[in-house]
Amino acid sequence: MFTSVEAVLERSSAEIMLRPAPDAVFALLDGRSIIFSGAGQKIFELDRVGAFIWCRLGEGASLGEIHRELQAQGIDERTARQFTRQLVDIWIDRELLEVDWRMPIDCSFSADLGQHRITVRAANPNLLGRLLSPFCASDQRAGCDGDIVIEAMMLDEQVFLRGEDSSISRCEVDALAPTIKAHLTQRLIQSNRWVFSLHAASLVKDGMGLLLCGHPGAGKSTLTLQLVDAGFRYAGDDVALVGGDGTICGVPFALTLKEGSWDLLARLHGDRYDATHCRSDGVRVRYVPIPDAQNRCVSAGWIIFLNRVRSGPAELTTIDRLESMKRLIENAFAGDGKLSEAGFWALRRIVAGAQSLQLTYREAGEARGLLVGLCNGKA
């Protein structure tokens, strides 16, 4: 189980610094306080309290000092914190404020994903524990930075994330693990090492790749959990990266399960993975780190399009290569939003070298049996 939010917050907010951006200009006009944004080419008006907070940040005051000074002006602590937080969020989003912090050198980990070295740093060990949740494997030994770096720091009750390009994003503590997973997935998709990506779970059987393709709710993650239990090697449950040679590389984040799969998770693993996280869309998930996850490129041996139904027996039906290509293009995405010529030829290589089938099923257990038989040459 995770530590409390209070423990995550401990000793972190004092290490962060907020200051006006260099191109943000404060001025008075007819007794009204305004800020001019050089980046946004806009003017924003401030009320009396907002102007006070802005000027105090410009003088180097901490948020704690500002909260106490607002209380001295007759504003209760809860209102002072809430109002300050709302303004800070708005000013950061509008690039009016710069966020700066120093990270401890001994509170970080690295992981290999999609042929990139990922380094994650956190403000304190409790925060680092939450950041570790969506990873199957990590290395916490001190060393050089990876080629993708992300840092996490608490500010009041929010987590701020900063990439190596200095871009800032934020989320609530309970949403931290899904947020960092989404951020890193996007970075990998945009990498020029891959010609495109597929929205698909990926597993490996006897050295050959198995792709599970389907829309959200088709049961990719639940079926992946079943196949891992049946002896398949896990490579990822969300995105498969495709190289120019037509090989695929899963992104082996921890298997992500929504609430409908938690009973199966409990039957297979007990209560080992009962920590719950909240995605930005409000969906609650749990993470299951899979040992010895596949992190190398493989050729696809089977492409399975999932068709989940409410009733009826599970069955596999063959799909011709042209139809398979059309369906895969619907599930493909690239950094620039377009499938390139190189991507097209890579896709053709994948389809030419694999069996393409549609799996119609109701229960994941039945589907598991069919896919095990298929990959063992019995179907």
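The following exchange discusses a predicted model of a protein, moving from its overall build to its cores, helix pairs and single residues.

Biologist: How many helices and strands are there in the protein?

Modeller: The C-alpha atoms of this predicted model fill a box of roughly 80 × 45 × 45 Å along the principal axes. Within the protein, the count of secondary-structure elements comes to 11 helices and 22 strands.

Biologist: What percentage of the residues of the protein count as buried?

Modeller: A residue is called buried when its relative accessible area is under 20%. The protein has 379 residues, and the share that meets this description is 49%.

Biologist: Among contacts between residues at least 6 apart in sequence, what percentage join residues at least 24 apart?

Modeller: Contact here means heavy atoms within 4.5 Å. Of the contacts in the protein between residues at least 6 apart in sequence, those that join residues at least 24 apart make up 68%.

Biologist: Which strand gives the most residues to the largest nonpolar core?

Modeller: The largest nonpolar core has 62 residues, and Trp91 and Val159 have the most contacts inside it. The strand that gives the most to this core, with six residues, spans residues 148-155 and is β8.

Biologist: Which residues does Trp91 touch, leaving out those up to four places away in sequence?

Modeller: Trp91 is one of the two residues with the most contacts inside the largest nonpolar core. In soluble globular proteins, nonpolar side chains tend to be buried together. Beyond four places in sequence, the residues touched by Trp91 are Leu46, Gly50, Ile53, Trp54, Leu57, Leu96 and Leu97.

Biologist: How many residues does the other core, with Leu198 and Met325 among them, have?

Modeller: This core lies apart from the largest one, and its members include Ala200 and Val242 as well as Leu198 and Met325. Its number of residues is 22.

Biologist: At what angle do helix α2 and helix α3 cross?

Modeller: Two packed helices are described by the angle between their axes and the distance between the axes. α2 covers residues 48-58 and α3 residues 63-72, and their axes come within 10 Å. The crossing is right-handed, and its angle is roughly 145 degrees.

Biologist: How many charged residues has the contact of α2 with α3?

Modeller: From α2 the contact takes Val49, Phe52, Ile53, Arg56 and Leu57, and from α3 it takes Leu63, Ile66, Glu69 and Leu70. By class, seven of these residues are nonpolar and none is polar, while the number of charged residues is two.

Biologist: Is Leu70 buried or exposed?

Modeller: Leu70 lies in helix α3 and touches Val49, Phe52, Ile53, Ile75, Ala80 and Thr84, not counting residues up to four places away in sequence. Its C-alpha atom is 13 Å from that of Leu57, a residue 13 places apart in sequence. Leu70 has a relative accessible area of 1%, so Leu70 is buried.

Biologist: Which word describes the orientation of α9 and α10 to each other?

Modeller: Helix α9 (residues 321-330) and helix α10 (residues 341-352) have axes 10 Å apart and pack at an angle of about 130 degrees. An angle over 145 degrees would count as roughly antiparallel, and 65 to 115 as roughly perpendicular. The two helices are therefore oblique.

Biologist: How many nonpolar residues are in the contact of α9 with α10?

Modeller: On the α9 side the contact includes Arg321, Ser324, Met325, Leu328 and Ile329, and these meet Phe344, Leu347, Arg348, Val351 and Ala352 of α10. One residue of the contact is polar and two are charged, while the nonpolar residues number seven.

Biologist: Is Arg321 buried or exposed?

Modeller: Arg321 is found in helix α9, where it touches Val351 and Ala352, not counting residues up to four places away in sequence. The cut-off for exposed is over 50% relative accessible area. Because its relative accessibility is 52%, Arg321 counts as exposed.

Biologist: What is the relative accessible area of Ser202?

Modeller: Ser202 is found in strand β11, residues 196-205. Leaving aside neighbours within four places in sequence, Ser202 is in contact with Leu210, Leu211, Tyr234, Ala235, Gly236 and Gly250. Ser202 is buried, with a relative accessible area of 2%.

Biologist: What value does phi of Gln41 take?

Modeller: Gln41 lies in the loop between β3 (32-37) and β4 (42-46), and it counts as exposed at 58% relative accessibility. Its phi is positive although the residue is other than glycine, with a value near 55 degrees.

Key
Residues are numbered from 1 along each chain as its sequence is written. This is a predicted model: local features need pLDDT of at least 70, side-chain atom pairs count only at pLDDT 80 or more; totals for chains, interfaces and linings use all residues. Side-chain values use heavy atoms; hydrogens and water are left out. Axes are lines fitted to C-alpha atoms, for helices over the stretch in contact, and angles run from 0 to 180 degrees between N-to-C directions. Helices (H or I, at least four residues) and strands (E, at least two) are DSSP runs, numbered from the N terminus. Angles under 35 degrees count as roughly parallel, over 145 as roughly antiparallel, 65 to 115 as roughly perpendicular and the rest as oblique. Ala, Val, Leu, Ile, Met, Phe, Trp, Tyr, Cys and Pro count as nonpolar, Asp, Glu, Lys and Arg as charged, and the others, Gly among them, as polar. Buried means under 20% relative accessible area, exposed over 50%, partly exposed in between (1.4 Å probe, protein chains only). A nonpolar core is a set of buried Ala, Val, Leu, Ile, Met, Phe, Trp, Tyr and Cys residues joined through side-chain atoms within 4.5 Å. A crossing is left-handed if the near helix is turned anticlockwise from the far one by less than a right angle, and right-handed if clockwise.
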